[in-house]
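Grab a pencil and have a look at the structure below. A few exercises follow, each with a solution worked out in steps.

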Amino acid sequence: MRYSFTIRKKRAETIMSQVLYDEVPSLDLADFLSGDPQRKQRFVEELGRAYQNIGFVAIKNHGLSDALTNQLYTTIKKFFALPDEVKMKYHLAHLAGQRGYTPKGKEHAKGRNTGDLKEFYHVGQEVEGNDPIRSQYPDNVWPTEIPEMEEVCVTAYKTLEKAGKHMLQAIALYLGLDEFYFEDKVRNGNSILRPIHYYPIENPDSVPADAVRAAEHGDINLITLLMGASADGLQVLRRDGQWIPITALPEQVVVNVGDMLARHTNDYLKSTIHRVVNPPREKMNTSRFSIPFFMHPRSEMDLTVLPSCVDASHPKKYDDITAGDFLNQRLAEIGLKK
Ligand SMILES: O=C(O)CCC(=O)C(=O)O
Ligand SMILES: [Fe+2]
């Protein structure tokens, strides 16, 4: 039986408001794509329930092969192993970190001044077809020292983008929208693949006392698909204030709700605060790598709160804004844009 969105929402809220997850739920994207209406519906319900609560799931069968994953890690490790002065050739300050390399300690979480203990590389959309949006995006930059980086990163980008579109179809169904509601909004969207290196620190006393790998934050975008989250350190903040470690398996990708989707749904779906904590002092001299894919829509997407997410007990919390304006606001707040 299918409930209307409002009834389903109320029912889920009464049942689920008591639930505190001890771990992030695991789902199989193959269920959604199986062609079996019941399996598909179950995926939608479980995903929605997780997103109303903890804001994170771990999924398998996302389409990224082990071979591609390994190739991607090998490639980005080679890049980050280059000397800082070589990597700095790919730091393009005028692009607000949108493309290429961002050096150590540059980005900080919203509301903080101390930079995170990380360096990263941004890969943006390679526009397909004759879409005039091409003129909005800066070109990708590719390090000449690592010739395979372009192909590996673009292939991973397109694969994660496809998985992200399927996740958005499931989200749209959960919200009582047309399954393809997000399709035209994310076509040639402003998504970013961000390989991150949390670099080794030989002397922990040499960094500010409050410096962490990634300080607590919510992601800016619609949804994030995160590879490599299984390495120790990533934690999500549960509603009761407790930090829950993410324990994804190597074959899983973690997919979480970002602030744009939370805003569009009036916080019906939760953009949960998360962080990457430092290892114990004696292990500060080790590296950690992760590769989030931040799925952004086209800048013109209207993030105005969906009318179906507003009622007497959930008044509209956010002003109307486009995705492009929201992104610019947030880039300034995290130190990447003036
Ligand atoms: O490195 C991780 O596991 C998470 C990174 C993250 O949350 C981010 O870059 O937004
Ligand atoms: Fe994040």
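Two strands pair if DSSP finds at least two bridges between them. Keep that in mind for the first exercise, and remember that this is a predicted model.

**Exercise 1. Find the strands that are joined to β8 by bridges, and give the direction in which they run.**

Solution.
- Start by locating β8, which covers residues 223-227.
- Next, turn to β11 (residues 253-257): four bridges join this strand to β8, and the two run antiparallel. The cut-off is at least two bridges, so β8 and β11 pair.
- For an example of a bridge here, take threonine 224, whose partner in β11 is asparagine 256.
- Now try β13 (residues 288-295). Five bridges link this strand to β8, again in an antiparallel arrangement.
- Here you can pick leucine 225, which sits opposite phenylalanine 293 of β13.

**Exercise 2. Work out whether the faces of β8 are covered or open.**

Solution.
- Take one side: Ile223, Leu225 and Met227 are all buried.
- Flip to the other side, where Thr224 and Leu226 are buried too.
- Put the sides together: both faces are covered, and five of the five residues in β8 count as buried.

**Exercise 3. Place alanine 323 and decide if this residue is buried or exposed.**

Solution.
- Alanine 323 belongs to helix α9, which spans residues 323-333.
- Count its neighbours: there are 24 C-beta neighbours inside 10 Å. A residue needs 20 or more to be buried, so alanine 323 counts as buried.
- Which residues does alanine 323 touch, leaving out those up to four places away in sequence? They are Met260, His296, Pro297, Ser299, Met301 and Leu303.
- Finally, compare sequence with space: alanine 323 and isoleucine 220 are 103 residues apart along the chain, yet their C-alpha atoms are 9.6 Å apart.

**Exercise 4. Look at phi in asparagine 266 and aspartate 267, then say how exposed each residue is.**

Solution.
- Begin with the usual case: most residues other than glycine have a negative phi.
- Asparagine 266 has a positive phi, near 55°, and aspartate 267 has a positive one near 70°.
- Where are they? Asparagine 266 is in the loop between α8 (259-264) and β12 (274-276), and aspartate 267 is in the loop between α8 and β12 as well.
- Asparagine 266 has 19 C-beta neighbours inside 10 Å, so this residue counts as partly exposed.
- Aspartate 267 has 18 other C-beta atoms within 10 Å and is therefore partly exposed.

Technical notes: Residues numbered from 1 in each chain as written. Chains lettered and ligands numbered in written order. Predicted model: local features only at pLDDT ≥ 70, side-chain atom pairs only at ≥ 80, totals over all residues. Buried ≥ 20, exposed ≤ 12 C-beta atoms within 10 Å, placed from the backbone. Contact = placed C-beta atoms within 7 Å.
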